[in-house]
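User: Could you walk me through how to read some features of a protein model? I would like the general idea each time, and then the case at hand.

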Amino acid sequence: MLPFLELSKALAKRGHHITYVSTPRNLKRLPPLPPHLTQTITFVALPFPSIDGLPDQAEATSDLPLESVEYLKKAYDELKTPFTTLISSRRPDWIIHDFASYWLPEVASELCVPCAYFSVFLAAALAVWEPCLKPSSRCAPPEELLERLTSPPELADFPTKVANLPFEAKQILDFGFTVNASGVSDALRLGTSIRSSRALLVRSIHEFESDWFSLLAKLYETRIIPVGLLTPSAEEDSTREDYPKVFEWLDKQPPKSVVYVAFGSEAHPSREQARELALGLEASGLSFFWVAR
(Lines give C-alpha, C1' and ligand atoms only; values in the text may rest on other atoms or scores of the structure.)
Protein backbone atom coordinates (compact mmCIF):
# COMPACT_ATOMS: atom_id res chain seq x y z
CA MET A 1 0.00 0.00 0.00
CA LEU A 2 2.84 2.41 0.76
CA PRO A 3 4.49 2.09 -2.69
CA PHE A 4 1.10 2.81 -4.27
CA LEU A 5 0.76 5.87 -2.04
CA GLU A 6 4.26 7.07 -2.96
CA LEU A 7 3.46 6.59 -6.66
CA SER A 8 0.22 8.54 -6.17
CA LYS A 9 2.15 11.39 -4.55
CA ALA A 10 4.76 11.40 -7.32
CA LEU A 11 2.03 11.65 -9.99
CA ALA A 12 0.08 14.28 -8.03
CA LYS A 13 3.19 16.46 -7.85
CA ARG A 14 3.18 16.47 -11.66
CA GLY A 15 -0.31 17.90 -11.86
CA HIS A 16 -2.46 14.77 -12.02
CA HIS A 17 -5.49 14.17 -9.80
CA ILE A 18 -5.32 10.75 -8.15
CA THR A 19 -8.13 8.64 -6.74
CA TYR A 20 -6.67 6.06 -4.34
CA VAL A 21 -9.15 3.20 -3.94
CA SER A 22 -9.03 0.69 -1.10
CA THR A 23 -11.14 -0.44 1.86
CA PRO A 24 -11.96 1.48 5.07
CA ARG A 25 -9.55 -0.13 7.53
CA ASN A 26 -6.71 -0.23 5.02
CA LEU A 27 -7.02 3.47 4.25
CA LYS A 28 -6.75 4.24 7.97
CA ARG A 29 -3.35 2.50 8.02
CA LEU A 30 -1.84 5.02 5.63
CA PRO A 31 0.21 7.96 6.90
CA PRO A 32 -1.32 11.44 6.42
CA LEU A 33 -0.69 13.28 3.19
CA PRO A 34 1.53 16.36 3.07
CA PRO A 35 -0.74 19.47 3.19
CA HIS A 36 0.09 20.50 -0.39
CA LEU A 37 -1.26 17.20 -1.79
CA THR A 38 -4.58 16.96 0.05
CA GLN A 39 -6.44 18.61 -2.84
CA THR A 40 -4.96 16.39 -5.56
CA ILE A 41 -5.27 12.93 -3.97
CA THR A 42 -8.73 11.64 -3.07
CA PHE A 43 -9.24 8.49 -1.01
CA VAL A 44 -12.25 6.29 -1.79
CA ALA A 45 -13.22 3.43 0.54
CA LEU A 46 -15.16 0.50 -0.89
CA PRO A 47 -17.04 -1.46 1.81
CA PHE A 48 -15.19 -4.73 2.40
CA PRO A 49 -17.35 -7.84 1.83
CA SER A 50 -18.11 -10.21 4.69
CA ILE A 51 -17.58 -13.88 3.85
CA ASP A 52 -17.31 -17.16 5.73
CA GLY A 53 -13.76 -17.93 6.87
CA LEU A 54 -12.72 -14.29 7.17
CA PRO A 55 -12.68 -12.68 10.64
CA ASP A 56 -14.33 -9.31 11.16
CA GLN A 57 -12.07 -6.33 10.56
CA ALA A 58 -9.63 -8.41 8.48
CA GLU A 59 -8.86 -6.45 5.32
CA ALA A 60 -5.15 -7.12 4.75
CA THR A 61 -2.69 -10.00 4.88
CA SER A 62 -1.16 -8.50 8.03
CA ASP A 63 -4.49 -9.15 9.81
CA LEU A 64 -4.42 -12.89 9.13
CA PRO A 65 -2.37 -16.07 9.47
CA LEU A 66 -1.08 -17.37 6.14
CA GLU A 67 -3.66 -20.17 5.93
CA SER A 68 -6.54 -17.65 5.96
CA VAL A 69 -5.27 -15.33 3.21
CA GLU A 70 -7.19 -17.29 0.55
CA TYR A 71 -10.45 -16.01 2.06
CA LEU A 72 -9.14 -12.47 1.83
CA LYS A 73 -8.70 -12.93 -1.93
CA LYS A 74 -12.19 -14.39 -2.22
CA ALA A 75 -13.61 -11.31 -0.50
CA TYR A 76 -11.43 -9.04 -2.63
CA ASP A 77 -12.93 -10.49 -5.81
CA GLU A 78 -16.37 -9.39 -4.63
CA LEU A 79 -15.17 -5.79 -4.94
CA LYS A 80 -15.42 -6.15 -8.72
CA THR A 81 -19.01 -4.88 -8.90
CA PRO A 82 -18.64 -1.77 -6.69
CA PHE A 83 -15.33 -0.97 -8.38
CA THR A 84 -16.95 -1.18 -11.82
CA THR A 85 -19.66 1.22 -10.64
CA LEU A 86 -17.00 3.63 -9.34
CA ILE A 87 -15.01 3.58 -12.58
CA SER A 88 -18.17 3.98 -14.67
CA SER A 89 -18.99 7.19 -12.82
CA ARG A 90 -15.48 8.67 -12.72
CA ARG A 91 -14.04 7.63 -16.10
CA PRO A 92 -10.35 8.08 -15.20
CA ASP A 93 -7.61 8.49 -17.80
CA TRP A 94 -5.72 5.47 -16.42
CA ILE A 95 -6.13 2.77 -13.79
CA ILE A 96 -3.01 1.52 -11.96
CA HIS A 97 -3.63 -1.73 -10.10
CA ASP A 98 -2.14 -4.52 -8.00
CA PHE A 99 -1.90 -8.24 -8.82
CA ALA A 100 -4.87 -9.42 -6.75
CA SER A 101 -7.41 -7.65 -8.97
CA TYR A 102 -6.77 -9.86 -12.01
CA TRP A 103 -10.34 -9.07 -13.15
CA LEU A 104 -9.63 -5.35 -13.40
CA PRO A 105 -8.08 -5.21 -16.92
CA GLU A 106 -11.23 -6.79 -18.36
CA VAL A 107 -13.43 -4.25 -16.54
CA ALA A 108 -11.21 -1.41 -17.75
CA SER A 109 -11.30 -2.67 -21.34
CA GLU A 110 -15.11 -2.79 -21.33
CA LEU A 111 -15.15 0.84 -20.16
CA CYS A 112 -12.42 1.86 -22.66
CA VAL A 113 -10.03 2.91 -19.87
CA PRO A 114 -6.36 1.85 -20.23
CA CYS A 115 -4.79 0.16 -17.21
CA ALA A 116 -1.27 -0.55 -16.01
CA TYR A 117 -0.04 -3.15 -13.55
CA PHE A 118 2.28 -1.72 -10.88
CA SER A 119 4.85 -4.18 -9.53
CA VAL A 120 6.37 -3.46 -6.15
CA PHE A 121 8.83 -6.28 -6.96
CA LEU A 122 12.08 -5.77 -8.84
CA ALA A 123 12.29 -6.40 -12.59
CA ALA A 124 14.62 -9.35 -11.93
CA ALA A 125 11.99 -11.01 -9.70
CA LEU A 126 9.31 -10.72 -12.40
CA ALA A 127 11.74 -12.21 -14.91
CA VAL A 128 12.65 -15.30 -12.87
CA TRP A 129 8.97 -15.92 -11.99
CA GLU A 130 7.86 -15.69 -15.62
CA PRO A 131 7.98 -19.45 -16.41
CA CYS A 132 5.00 -20.05 -14.10
CA LEU A 133 3.07 -16.93 -15.13
CA LYS A 134 2.41 -17.76 -18.78
CA PRO A 135 -0.87 -19.55 -19.69
CA SER A 136 0.97 -22.63 -20.99
CA SER A 137 2.65 -23.19 -17.61
CA ARG A 138 -0.51 -24.72 -16.17
CA CYS A 139 -0.11 -27.66 -18.54
CA ALA A 140 3.66 -28.04 -18.22
CA PRO A 141 5.17 -30.94 -16.20
CA PRO A 142 6.26 -29.83 -12.70
CA GLU A 143 9.81 -31.12 -13.32
CA GLU A 144 10.14 -28.87 -16.38
CA LEU A 145 8.85 -25.82 -14.49
CA LEU A 146 11.16 -26.52 -11.57
CA GLU A 147 14.15 -26.66 -13.93
CA ARG A 148 13.19 -23.37 -15.60
CA LEU A 149 12.51 -21.60 -12.30
CA THR A 150 15.92 -22.56 -10.89
CA SER A 151 17.84 -21.50 -14.03
CA PRO A 152 18.52 -17.95 -15.30
CA PRO A 153 15.93 -16.84 -17.91
CA GLU A 154 16.61 -18.41 -21.33
CA LEU A 155 16.09 -15.09 -23.17
CA ALA A 156 18.64 -13.23 -21.04
CA ASP A 157 21.35 -11.91 -23.40
CA PHE A 158 23.57 -10.73 -20.54
CA PRO A 159 25.60 -12.77 -18.02
CA THR A 160 23.60 -13.54 -14.89
CA LYS A 161 23.28 -16.23 -12.25
CA VAL A 162 20.03 -14.83 -10.86
CA ALA A 163 17.42 -17.58 -10.43
CA ASN A 164 15.14 -19.04 -7.78
CA LEU A 165 16.73 -21.35 -5.24
CA PRO A 166 15.24 -24.89 -5.27
CA PHE A 167 13.20 -24.39 -2.08
CA GLU A 168 11.89 -21.07 -3.47
CA ALA A 169 10.88 -22.70 -6.74
CA LYS A 170 9.02 -25.44 -4.88
CA GLN A 171 7.19 -22.83 -2.82
CA ILE A 172 6.25 -20.95 -5.99
CA LEU A 173 4.83 -24.11 -7.54
CA ASP A 174 3.07 -25.26 -4.37
CA PHE A 175 1.61 -21.90 -3.41
CA GLY A 176 1.31 -20.21 -6.78
CA PHE A 177 -0.63 -22.98 -8.49
CA THR A 178 -2.93 -23.84 -5.59
CA VAL A 179 -6.55 -23.10 -6.45
CA ASN A 180 -7.60 -21.60 -3.14
CA ALA A 181 -10.98 -20.58 -1.67
CA SER A 182 -11.26 -17.85 -4.31
CA GLY A 183 -11.03 -20.43 -7.11
CA VAL A 184 -8.07 -18.55 -8.65
CA SER A 185 -4.37 -19.30 -8.10
CA ASP A 186 -1.84 -16.55 -7.39
CA ALA A 187 0.06 -17.46 -10.57
CA LEU A 188 -3.08 -16.85 -12.62
CA ARG A 189 -3.77 -13.57 -10.83
CA LEU A 190 -0.29 -12.19 -11.40
CA GLY A 191 0.10 -13.49 -14.95
CA THR A 192 -3.29 -12.14 -16.03
CA SER A 193 -2.69 -8.79 -14.30
CA ILE A 194 0.53 -8.27 -16.24
CA ARG A 195 -0.40 -9.67 -19.65
CA SER A 196 -3.83 -8.02 -19.82
CA SER A 197 -2.59 -4.52 -18.98
CA ARG A 198 -1.42 -1.81 -21.38
CA ALA A 199 1.85 -1.29 -19.48
CA LEU A 200 3.95 -2.76 -16.68
CA LEU A 201 5.21 -0.26 -14.09
CA VAL A 202 8.14 -1.43 -11.95
CA ARG A 203 9.38 0.12 -8.72
CA SER A 204 12.99 0.26 -9.82
CA ILE A 205 15.40 2.37 -11.92
CA HIS A 206 17.33 1.93 -15.18
CA GLU A 207 20.66 2.51 -13.46
CA PHE A 208 20.06 -0.56 -11.32
CA GLU A 209 18.27 -2.97 -13.69
CA SER A 210 18.66 -1.81 -17.29
CA ASP A 211 19.34 -5.34 -18.63
CA TRP A 212 16.35 -6.74 -16.74
CA PHE A 213 14.01 -4.08 -18.12
CA SER A 214 14.98 -5.06 -21.66
CA LEU A 215 14.41 -8.71 -20.80
CA LEU A 216 10.97 -8.02 -19.28
CA ALA A 217 9.85 -6.35 -22.50
CA LYS A 218 10.70 -9.55 -24.39
CA LEU A 219 9.21 -11.90 -21.82
CA TYR A 220 5.89 -10.13 -21.36
CA GLU A 221 5.63 -8.32 -24.73
CA THR A 222 4.38 -5.12 -23.16
CA ARG A 223 5.63 -1.62 -22.41
CA ILE A 224 7.92 -1.53 -19.35
CA ILE A 225 8.12 1.70 -17.34
CA PRO A 226 10.52 2.11 -14.39
CA VAL A 227 8.86 4.51 -11.94
CA GLY A 228 11.77 4.91 -9.52
CA LEU A 229 12.37 3.57 -6.03
CA LEU A 230 9.61 5.82 -4.62
CA THR A 231 11.24 6.59 -1.30
CA PRO A 232 9.49 9.10 0.99
CA SER A 233 10.57 12.70 0.47
CA ALA A 234 13.29 14.23 2.64
CA GLU A 235 10.71 16.65 4.07
CA GLU A 236 8.52 13.80 5.28
CA ASP A 237 11.47 11.81 6.63
CA SER A 238 12.61 14.82 8.65
CA THR A 239 9.38 14.70 10.66
CA ARG A 240 10.30 11.32 12.16
CA GLU A 241 11.63 11.95 15.67
CA ASP A 242 13.82 8.83 15.67
CA TYR A 243 15.62 9.52 12.37
CA PRO A 244 18.36 11.91 13.66
CA LYS A 245 19.30 9.42 16.37
CA VAL A 246 19.38 6.55 13.84
CA PHE A 247 21.60 8.38 11.37
CA GLU A 248 23.90 9.65 14.10
CA TRP A 249 24.47 6.02 15.18
CA LEU A 250 24.95 4.79 11.59
CA ASP A 251 27.50 7.53 10.85
CA LYS A 252 29.70 6.16 13.64
CA GLN A 253 29.85 2.62 12.18
CA PRO A 254 32.62 1.47 9.80
CA PRO A 255 31.62 0.96 6.11
CA LYS A 256 29.83 -2.34 5.34
CA SER A 257 29.68 -3.30 9.01
CA VAL A 258 25.92 -3.11 9.76
CA VAL A 259 23.30 -5.78 9.09
CA TYR A 260 19.78 -4.51 8.39
CA VAL A 261 16.92 -6.87 9.33
CA ALA A 262 13.28 -6.22 8.40
CA PHE A 263 10.46 -8.69 7.84
CA GLY A 264 7.76 -6.37 6.51
CA SER A 265 4.03 -6.80 7.03
CA GLU A 266 3.76 -10.40 5.78
CA ALA A 267 5.94 -12.20 8.31
CA HIS A 268 4.84 -13.09 11.85
CA PRO A 269 7.83 -14.82 13.50
CA SER A 270 7.07 -16.59 16.77
CA ARG A 271 8.74 -15.56 20.01
CA GLU A 272 11.11 -18.53 19.71
CA GLN A 273 11.97 -17.71 16.07
CA ALA A 274 12.68 -14.08 16.97
CA ARG A 275 14.93 -15.22 19.83
CA GLU A 276 16.93 -17.55 17.56
CA LEU A 277 17.37 -14.77 14.99
CA ALA A 278 18.57 -12.39 17.68
CA LEU A 279 21.08 -14.94 18.99
CA GLY A 280 22.35 -15.52 15.46
CA LEU A 281 22.82 -11.80 14.85
CA GLU A 282 24.60 -11.46 18.17
CA ALA A 283 26.90 -14.39 17.33
CA SER A 284 27.83 -12.78 13.99
CA GLY A 285 29.78 -10.10 15.83
CA LEU A 286 28.35 -7.39 13.55
CA SER A 287 26.33 -4.39 14.53
CA PHE A 288 22.73 -4.81 13.46
CA PHE A 289 19.68 -2.67 12.92
CA TRP A 290 16.44 -4.56 13.51
CA VAL A 291 13.09 -3.08 12.45
CA ALA A 292 10.14 -4.72 14.20
CA ARG A 293 6.46 -3.85 14.06
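User: Let's start with S233. Is S233 buried or exposed?

Analyst: Relative accessibility is the value to read here, and buried means under 20%. In this predicted model, S233 has 15% relative accessibility, so S233 counts as buried. As for its setting, S233 sits in the loop between β6 (223-226) and α11 (234-237).

User: How far apart are the C-alpha atoms of S233 and E282?

Analyst: A C-alpha distance can be read together with the separation along the chain. For S233 and E282, 49 residues apart in sequence, the C-alpha atoms are separated by 33 Å.

User: What about L155 and K218, how far apart are their C-alpha atoms?

Analyst: Those two are 63 residues apart along the chain, and their C-alpha atoms are separated by 7.8 Å. Contacts add to that picture: leaving aside residues up to four places away in sequence, L155 touches K218, L215 and L219. L155 belongs to the loop between α7 and α8 (166-176).

User: And how accessible is L155?

Analyst: There is a class between buried and exposed. With 45% relative accessibility, L155 counts as partly exposed.

User: Now backbone angles. Which sign of phi should I expect for a residue?

Analyst: Most residues other than glycine have a negative phi. A positive value is therefore something to look for in residues of that kind. Here, Q57 has a phi near 70°, and L230 has one near 55°. Both values are positive, in residues other than glycine.

User: Where in the chain are Q57 and L230?

Analyst: Q57 is in the loop between β2 (41-45) and α3 (69-77). L230 is in the loop between β6 and α11, which is also where S233 is placed.

User: Are Q57 and L230 buried or exposed?

Analyst: Q57 has a relative accessible area of 55%, so Q57 is exposed. L230 has 14%, so L230 is buried.

User: Let's look at L64 too. Which residues does L64 touch?

Analyst: A contact list is read with sequence neighbours set aside, here residues up to four places away. On that basis L64 touches L54, P55, A58, V69, L72 and H268. L64 lies in the loop between β2 and α3, and with a relative accessible area of 6% L64 is buried. There is also a pair distance to note: L64 and W290 are 226 residues apart along the chain, with their C-alpha atoms separated by 23 Å.

User: How do I read polar contacts of side chains? Which backbone oxygen lies 2.6 Å from a polar atom of the S137 side chain?

Analyst: Look at the atom pair and its distance. The partner of the S137 side chain is the backbone oxygen of K134. S137 is in the loop between α6 (123-129) and α7 (142-149). Its relative accessible area is 3%, so S137 is buried. Leaving out residues up to four places away in sequence, S137 touches P131, C132, L145 and F177.

User: What is the backbone oxygen of W249 next to in this sense?

Analyst: That oxygen lies 3.0 Å from a polar atom of the side chain of Q253. Q253 is located in the loop between α12 (243-251) and β7 (258-262). With 19% relative accessibility Q253 counts as buried, as the cut-off is under 20%. Beyond the residues up to four places away, Q253 touches V258 and S287.

User: Zooming out, how many helices and strands does the protein chain have?

Analyst: The protein chain has 13 helices and eight strands. Its radius of gyration is 21 Å, close to the 19 Å from the globule rule for 293 residues, so the chain is as compact as a globular protein of that length. The C-alpha trace spans about 60 × 55 × 45 Å along its principal axes.

User: What share of the residues is buried, and what share of the contacts joins residues 24 or more positions apart?

Analyst: Of the 293 residues, 38% are buried. Among contacts with a separation of 6 or more, 62% come from residues 24 or more positions apart.

User: Last, how do surface and charge read for the whole chain?

Analyst: The accessible surface comes to about 17500 Å², with 56% of it belonging to carbon and sulfur atoms. For charge, the chain has 29 positive and 37 negative charges, and their mean positions are 3 Å apart.

Terms used. Residues numbered from 1 in each chain as written. Predicted model: local features only at pLDDT ≥ 70, side-chain atom pairs only at ≥ 80, totals over all residues. Heavy atoms only, no water. Helix = DSSP H or I, 4+ residues; strand = E, 2+ residues; numbered from the N terminus. Rg over C-alpha atoms; globule rule 2.2 N^0.38 Å. Buried < 20%, exposed > 50% of the residue type's maximum accessible area, 1.4 Å probe, protein only. Contact = heavy atoms within 4.5 Å. Areas by Shrake-Rupley, 256 points an atom, 1.4 Å probe, with all protein chains shown as cover. Lys, Arg positive; Asp, Glu negative; His and termini not counted. Charge placed at Lys NZ, Arg CZ, Asp CG, Glu CD. Polar contact = N/O pair within 3.5 Å; in protein donor to acceptor, adjacent residues only side chain to side chain.
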